Amino acid sequence: MKLMSVVALTAVAAALLTGATVAAAQSGASTNPVKSGNPNASPIYGVTLPEGYRNWQLVGPALEGEPLNELRTVVGNKIAINAYKRGELPFPDGAVLVKLAWKYTQSPEFKSALVPGHATTVQVMVKDSKKYAASGGWGYGRFIDGKPADLAQHQTCFACHASLVKNRDYVFTRLAP
């Protein structure tokens, strides 16, 4: 991929999350989105979409190649961002990470830039070392059009994180410099 596209991708991700340090979201007011028995909760872990997550601070963007071809950004609540800044592993309880994903498309205005197309998923990780002890302290949720994805899609979350990033407290995304 051309360097210009990577630079444009990073600029797009940052632009998408402008205003990410809104005081209400960063206050930690919505750091525990877990709700049991909620039809809007993930089927295995009971995780829901946290309020105000689109205003959280950017952790980092990513470009996912074949077969997904997605533009992704991860945002974190105040607890998660502070842990990243301190280099704290494992993440403390109350940390929440949210990954937003879109199919990417070529920008009509700037031909070498890739920009978000249609949204694919929003994925959530909630740190609660007691409640989610069996899955490395993390609860997972995957949402399509604001509704929890099916059970089969949730069964892959922990297995993938455990096989590839167990040594990083099961977290793929690194804090962007």
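This is a short talk on the salt bridges in one structure.

Hi everyone, thanks for coming. One caution before we start: this is a predicted model, so please keep that in mind as we go through the pairs.

How many salt bridges does the structure hold? There are four, and I'd like to walk you through three pairs, beginning with the ones around Arg72.

Please find Arg72 on your screens. Glu70 pairs with Arg72 in a salt bridge, and the closest N and O atoms there are 2.8 Å apart. Arg72 also meets Glu64, again side chain to side chain in a salt bridge, with 3.7 Å from N to O.

Now, buried or exposed: what is the setting of these residues? Arg72 has a relative accessibility of 12%, so Arg72 counts as buried. Glu70 is buried as well, with a relative accessible area of 5%. Glu64 comes out at 30%, and that makes Glu64 partly exposed. If you colour your view by accessibility, then, look for a buried Arg72 with a buried Glu70 and a partly exposed Glu64 as its partners.

Let's move along the chain to Arg86. Which residue does Arg86 pair with? The partner is Glu88, and the closest N and O atoms of that salt bridge lie 2.5 Å apart. Arg86 is exposed, at 55% relative accessible area, while Glu88 is partly exposed, at 27%.

Back to the earlier group for a moment: through shared salt-bridge partners, Glu64, Glu70 and Arg72 are joined into one network. Arg72 is the residue that appears in both of the bridges I described there, with Glu64 and with Glu70.

That's my tour, and I'm happy to take questions.

How values were computed:
Residues are numbered from 1 along each chain as its sequence is written. This is a predicted model: local features need pLDDT of at least 70, side-chain atom pairs count only at pLDDT 80 or more; totals for chains, interfaces and linings use all residues. Side-chain values use heavy atoms; hydrogens and water are left out. Buried means under 20% relative accessible area, exposed over 50%, partly exposed in between (1.4 Å probe, protein chains only).
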